Amino acid sequence: MLEINHVRARYNMLTSFVNAIDDVNFKVENDEIFGIAGESGCGKSTLLKVMYDLLDYPLEVSDGSVRLYKGNSDTEYVETGELKKYWWKEISYVPQGAMHVMNPVTKVETQFFDTMSRGYHEKMSRNQLREKISSYMKELELSPDVLKAYPHQLSGGMRQRVLIALATFLNPSVILADEPTTALDVVVQKDILTMLMSVQKRTKNSMVIVSHDMGVHYQVTNRMGIMYAGQMIEIGPTDEIFDNPKHPYTQMLIGALPKVGDNSQKEGIPGTPPNLKDPLAGCRFAERCKYATDECCRIQPAMVQVGEHHCAACLLLGQNTGRSKHGN
Amino acid sequence: MKFLKFLGSRLVTYVFTILVGMTIVFFIPRFMPSDPVESMLGQMMSKSSSMDPASVDAMRQTLNENFGLNGSLGEQYIGYMGRVIFTRDFGPSLTMYPVPVKDLIATSLPWTIGLLGISTVISWIIGNAIGLLAGIKKDKVYSKVLEGISICIYPIPYYIFALTLIMLFAYIIPIFPLSANFNVSGFSWENLKTIVWNSILPALSLILTGTGWWVISMMSLSRNTNEEDFVSFARIKGLKERRVISGYILPNTILPQITMLALQMGTIFNGALITEILFNYPGIGSLIYRGVLQADYNLIMGTITISIFAVATATLVVDLIYPFIDPRVRYN
Amino acid sequence: MKYWNFRLRLGLSILFFFLIIGFIFPLFHSGNVTEWNSYPSDLLPSSEHFLGTNSIGQDIFWLLCSSIRNSFLIGLFVAILATMIGVLLGLNAGLKGGAVDRVVMLIADTFIVIPSLPILILLGSLTKGSASLFLVGGVLVVFNWPWPARQVRSMCLTLRERDYISTARFSGESTFGILVKEIFPFVKDWSLGNFINTILVAIASESSLAVIGMSSNSNATLGTMIYWANQHQAMLAEKWLWIGAPVVSICLIFIGLFLFMTGQQQYSALRRGK
Amino acid sequence: MKKANLGKRILSALLAACMIATLVGCSTTPNVPNNGGNNIGSSEANKTNTGGGGVMTDVGTPRSETLVVDILSGRIANPNLYNPYVPGNVPMDAGVHQLLHGHLWEIDTVKGEQFPDLAATMPELVQGKKNTYTFKMKENLKWSDGEALDANDVAFTFNMLLKSKELAFGAVVRETVESCRALDNLTVEIVTHNPEPKLSQKFGVTIFGNGLIVVPEHIWKDQNPVTFTYSNPLSSGPYTLKDKDPQGYWFLYEKRADWKNTAVGQTAGEPGPQYILFKSYGSEEKRVMAAISNEIDVLQDITPESWDILKKKNPESMAWYSGFPYADTNDPCERGIGFNCSDPIYGRTNVRWALALATDIKNVSLATFDGMLRVSPLQLPPTDVLMKTYHKPMTEWLKNFALEDGYKPFDDSYARDMVKTLKQQGKEGLPESEQDIIDVFGVGWWRYDVEEAGKLLEKEGFKKVDNIWHKPDGSVWEMSILAPADFEIESMRLAFAVADSWNKFGVKTTVVQQDAATFWNNEATGNFSAGSYWPACGILPDSSVNMEHWNSKYIVPTGEQAPGNRYRWGGAGNNKVTAKLNELMQLPSDDPKVIEDVTEICKTFVAEQPFIPMFGTSKFVPVTTHYWKGFQTSENQFEGPWWWWSQFKYYTPHLQPTGN
């Protein structure tokens, strides 16, 4: 289980800060696929980096922390700053753009060996390792020949699969996947997604998938969160969000999706996300929101329960104490 | 199959390169204002002893015959190339007639290869090591120190640098002999010791000045690679830094450097003229120089052809093995 | 400006310094700097001879100024031409492959396999040792473009395998477009390094030609300055300003160039937000 | 942020440090060599004093018994070729012709006369014949292998040269000699085509050496002289080749046990050094360093700057004069600028004279060799002997000599003015008396008179437009002076200095440095307008042999190899000269008319200046006296310091160990 509580993160641009993540707060339960959606630039990938504790200059966490709970216990955890030690064993990360993330001059196999060196401390002969790997590949319905290939000899989809295999090989309790399907054609996308689901079903671990493509979320995720301008504005079970979106932004996102037997012209979302260097005081969506009142421009909305497991951040959703920009 | 096709076309280039190179080297000297016979006559007569034109012509004739310089340029060219290619014989040296150029080269070449071969490899290794460090450990003090030193030595003109070394270590603090003396024949540990001892200063000068370029190129290469996704991913996988360098960065940066090294190894056959002059080191550089200055066609051809051949072979080898060391490159 | 890092600043200021010395200062000096016995010889530095005079009665400071200018000219001339020719041809060969590749590489190889120094000496005596600076430069270009060409080509071969390049290729983008947009960024740093090295190589080979008396010794360059100093045993005679000035200048110019190069790399890296 | 910053600071500090280091590298060393130099000297001294000469040379001979001599021409590319008649044999300055090769007649440069070397007598015309000469050989001479060296070897050598057309020197012999035979073991008879009163000068040494080197018949008789390498040469001199560097950097010679059976042994006595090591130390810096640390005893030809350093750093070193000008100025060739007289511009006497008058001779002298030069207005080098016979006697005539327009160009103040200038520069040991001043600096030269020079040019139709001279055809006058590149430093620097002077005068002059081959070839083919050559040589009062090459019969069109008269100087003046030369060829050297004729020739040259003579050659050939004494100097003048001449072997008896 992964707990993100009140995390603020920013990019340090020497002379100024870009507050990429602003007070994001949610949990990823065991045995679920959690999706994070939002326009590009809304900070979802950054959030994923923060969750993975991948903080190199200029990205830095200014407030809050991420907690990774070991196994099923909800008391024992490691926090931002210590996660590195558990990389790949407890938590693994499938980066964006499978194209260039594999060492072009070594065989796929070698990259597995590298990974193993993290997990298996007891001595193992190369052949035993090979055994393990290829059997694992079989489980994932990948031909072991792939191991003998060089990355540039594999198709994009195949590379993505291999990456997922790599990431899940040591059976970590959390798997973070960043845009796993971008730059792949639809058919391949489908396979990748089914592969992810099957892996998850078998290992019962928690998986986080970041994608700008609502379709992906609809297909695979159990729960999902919508991000806008560095903030989480709505979290809830996926189908509930699709059936009954609460936040105006979410409504627009869903509304923009094509539906069977509906040929009405889809209107996109007017305007652009605000500049994160100095966001305005009130709701960050206010200036693009058609329901916005002048109040919206003053008070920043807080998350409010709107369903059993469903909450959203909008002043229009009934009684709302609001919060100051720096939510103290 | 594909390999054979590649090999074929590459070999054609190889042969062609050598032929073109040799042709150029054959003709350039012959367009020089000084021709060996005339300048030899000139020198003979400049000893202010004078002789009547008839006897001068006689001498010119005999010299031309001896040197095989009769006939049109074309005929000479054909004849010469024929001899070199089929009998691998460069003919006699003109200024040291009748000693075969072959022998002259044979005595000098081993020395050149020994010194330059070793010092080139050493400076390659050192240079790449430093370059790699400076490239990926940008902020570490030691890498900065090393980088700084090699960068500061590199641009010093070699002549001056070598001379300074001599002044420091053979004159002000006389550790090494002022003029090397390789009075050795046959192999023995004693001789080896003499050779090594006498070669330390020249080697040092070559290594120190040679390292710089490797540092620079390796540095920028490894900087780029260091920013590649697969490197950051390797780090994301939480691999040990040592492994990231040895398994990911090095293999990807070393390739161009290997190309360079191979070419360098070819060029050592030019010898190191200034080194040889300054350190009294026997080598092929001064032979080439002498040949050029005295318009000794055969000597020029012999020495330069050797080095052309060497470099060409080096490049050929590089092209052939490249696909083996870099899977991304296919024969085409 | 605000992204400029230390190396960039220092490097540029060194270069700027020498450019001023080389191109501005000479304007303030009338008279022929290379003329012998314009002044009493071996004077120590003073207000009218900032670096003193040398054994052949030239004012070292003014001599240095025009030497720096000429060497700069040679260096830049050679480096610009050699690098441009080399990189473009190399990229072309590497990207297009086939006939283009073979031809370009054939020419390049021919020039690589011919040792340059002997040929330079040959040409030196051909041009009667009084080669104009630009002739020397031209010859140096001929011998300095093939290396970058080969290097860039081999980089290009590895880059070519990257999908986005083939995508660009298939999406019918012009070769030149691909070169500039997709590949050049990757070889940029290397080329810059090569460029800077070529400047040095040019200056260095000019001076090594000078050391063996094959450059245009009556012109003032850093090389010929060293040559004349050696001719008069400046080192043993401990005339350090005479021999030291050009040597130190060469070193500083290079260090300047080098800092500029690496600084620029850091700069662009920061720009990329890496 | 901070971290990065820190890094950068460190780097900056470091680079700064490095730059300083570079500077320091050049700037701190100055004081070190002084101490360093002295230390070496003293330590060397200690070693030898305590060790009683225990020091060994790096070729394994006791230093105290070895004379170490510098090889000027550097590494010998092929140390196995000793055949003196093929090109590329071990060159003259590696000791072979100094110590091994004997000649028939040697030269005594002090007396200015030849004396028999292997021969016992000078050649004598056989009574009643007009071109048959005989001479005797010294008795019981031996080759270093013990075989007798006698008339038969001489005859064999001549006949070999007459026979084999491939040998370059053969041409010279065939030109003169009809036949040669040994009448008996000690008598040689030579029959020539024409009367040859100067036979001994053709086949004996006058300057440096002679092409004719006697070879041992018993070795050569069944060899092909064109391909024979003669790789272990026999010696007819007092030394033998003991060992050599396979790389050709040094050659070791050992005194012959039977030195009594050599010409030197018989006439000059026992050579001093047991071993003589000819060694190349490479670049001049290193040769000087070697001399400073007493590793080398005899240096051949260095620059004045190097001598300056050596003098300062090694108190045991000495040159020809103990004081100024230090250099020996008796070299038998003089330096100046020669013109291609077939050129429409430089063919004009007035132009050549204008250039002579536009030469600021004093500054040229200072720029070339710091004023350590002896001027000469004549076509003969200002050696002591020749000065006595020509320069001084002709001074009066020079003073009265006038150009067509009556202008008297001669100026005898050069010597005095130089002394003045050099005094101001703080030079010491300058000559005092009028006589000595003349002896050191020469009788005088032409005025530096730009005005007169201008007049002469305008007479020829030249125009001066804003300080640049234009040719009669209106184009800018640009001339280039050919000069040696890094050999014959004096001529090279002279060219630059003169060019400087003429540029000031308004003639666009550039110096074109060339390596030996090109340089000589261009002179021979006339592919030059002006060049810094040294065609005016002489050593005997009868210098006709050295002047013979001006003979008009040698003139060939530009482009062809000139067998002589490279300056294509013809016309009335040359006709006078040629007439005199033909006459001289038939006169024996001791004929009083010889001097007269040569004087006349000199006058013609002065009037026409086809070659503008400027300075005698100043040779800096210092020696260090730590291990050896008895070197020749201006005080101890048994010979000149011609270490690269064949007469070296005659110095050896004078050299004695100091006991160090």
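# Around Thr359 of chain D

Reader: Buried or exposed: which is D:Thr359?

Author: Heads-up: this is a predicted model, where local features need pLDDT of at least 70 and side-chain atom pairs count only at pLDDT 80 or more, while totals for chains, interfaces and linings use all residues. Residues are numbered from 1 along each chain as its sequence is written, with chains lettered from A and ligands numbered from 1 in the order in which they are written. A residue counts as buried if 20 or more other C-beta atoms (placed from the backbone) lie within 10 Å of its own, exposed if 12 or fewer, and partly exposed in between. D:Thr359 has 24 other C-beta atoms within 10 Å, so the verdict is buried.

Reader: Where does D:Thr359 lie, and between which helices?

Author: Helices here are DSSP runs (H or I, at least four residues), as are strands (E, at least two), numbered from the N terminus. D:Thr359 is in a loop of chain D, and the helices on its two sides are H11 (349-357) and H12 (361-369).

Reader: Which residues does D:Thr359 touch, leaving out those up to four places away in sequence?

Author: Touching means that the C-beta atoms, placed from the backbone, lie within 7 Å. With that cut-off, D:Thr359 touches D:Val364, D:Tyr448, D:Val498 and D:Ser501.

Reader: What does the buried side of H16(D) pack against?

Author: Helix H16 (residues 450-459) of chain D has D:Glu452, D:Ala453, D:Leu456 and D:Leu457 buried. Seen down the axis, they fall within an arc of 140° (taken from the directions from the helix axis to the C-beta atoms), so they line one face of the helix. Those buried residues pack against three elements of chain D: H11, strand E18 (468-470) and helix H17 (489-505).

Reader: How many bridges join E5(D) to E9(D)?

Author: Strands pair if DSSP finds at least two bridges between them. E9 (residues 187-192) runs antiparallel to E5 (residues 132-136) in chain D, with D:Lys136 standing opposite D:Thr187. The number of bridges joining E5(D) to E9(D) is five.

Reader: What is the radius of gyration of chain D?

Author: Chain D holds 21 helices and 26 strands. The globule rule (2.2 Å times the number of residues to the power 0.38, with the radius taken over C-alpha atoms) gives 26 Å for 660 residues, so chain D is as compact as a globular protein of that length, its radius of gyration being 27 Å.

Reader: Which two chains share the most contacts?

Author: Five pairs of chains touch, whereas chains A and D do not, their nearest C-alpha atoms being 8 Å apart. The pair with the most contacts is B and D.
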